[in-house]
Amino acid sequence: MENTYIIKENEIMTKEISEADFDKFVDENPNVLIDCWAPWCGPCRRLGPIIDEISTEFGSQVAVAKLNVDDAQVISMRFNITAIPAMLMFKDGVMVNALVGLRPKDEIVGVMKDLGLIG
């Protein structure tokens, strides 16, 4: 029997990605938000539920993922991530914005709307 996955309404759709699948994730999705975090980072842990809410509410419009920067040092250097939490935003494979620091949900959503990542 074939496995079937049904996404339920309000289901969290945040994906954990690694350095190995970072480029594939960005390339395969037209609109992307990546939360760059680390387990030891207090503000990152507080941002996590906000990112999950954004994923739940806007997951049909933007692919949302979390990247542990402790395990992704090449990506951190490539995108000059020197402070976390950092949220990288991509449109059609190109980084269009980065937000650094703990931000309220409405600010993150507003930036994503301004960039055309969500409607």
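1. Strand β4 is mostly covered in this predicted model: of its six residues, five are buried. The strand comprises residues 86-91, and its pairing partners are described in the next two points.

2. On one side of the pairing, β4 is joined to β2 by six bridges, and the two strands run antiparallel. Strand β2 covers residues 31-37. Within this pair, L88 of β4 has I34 standing opposite.

3. Strand β4 also pairs with β5, which is formed by residues 94-100. Six bridges connect β4 and β5, again in an antiparallel arrangement. Here M89 stands opposite N97 of β5. The two strands form a hairpin with two residues between them. In the turn, D92 has a positive phi of about 50°.

4. Helix α2 spans residues 42-58, a total of 17 residues. Its length can be checked: at 1.5 Å a residue the helix should span 24 Å, and because its end C-alpha atoms are 25 Å apart, the two values agree.

5. The helix nevertheless contains a kink of about 30° at G48. This kink lies shortly before the proline P49. G48 is also among the buried residues of α2.

6. Which residues of α2 are buried? They are C44, L47, G48, I50, I51, D52, I54, S55 and F58. The elements covering these buried residues include β2, β4, strand β3 (63-68) and helix α4 (105-114). Strand β4 thus appears in both parts of this note: it is paired with β2 and with β5, and it helps to cover the buried residues of α2.

Conventions: Residues are numbered from 1 along each chain as its sequence is written. This is a predicted model: local features need pLDDT of at least 70, side-chain atom pairs count only at pLDDT 80 or more; totals for chains, interfaces and linings use all residues. Side-chain values use heavy atoms; hydrogens and water are left out. Helices (H or I, at least four residues) and strands (E, at least two) are DSSP runs, numbered from the N terminus. The expected span of a helix is 1.5 Å times one less than its number of residues. The bend at a residue is the angle between axes fitted to the seven residues ending there and the seven starting there. Buried means under 20% relative accessible area, exposed over 50%, partly exposed in between (1.4 Å probe, protein chains only). Contact means heavy atoms within 4.5 Å. Two strands pair if DSSP finds at least two bridges between them.
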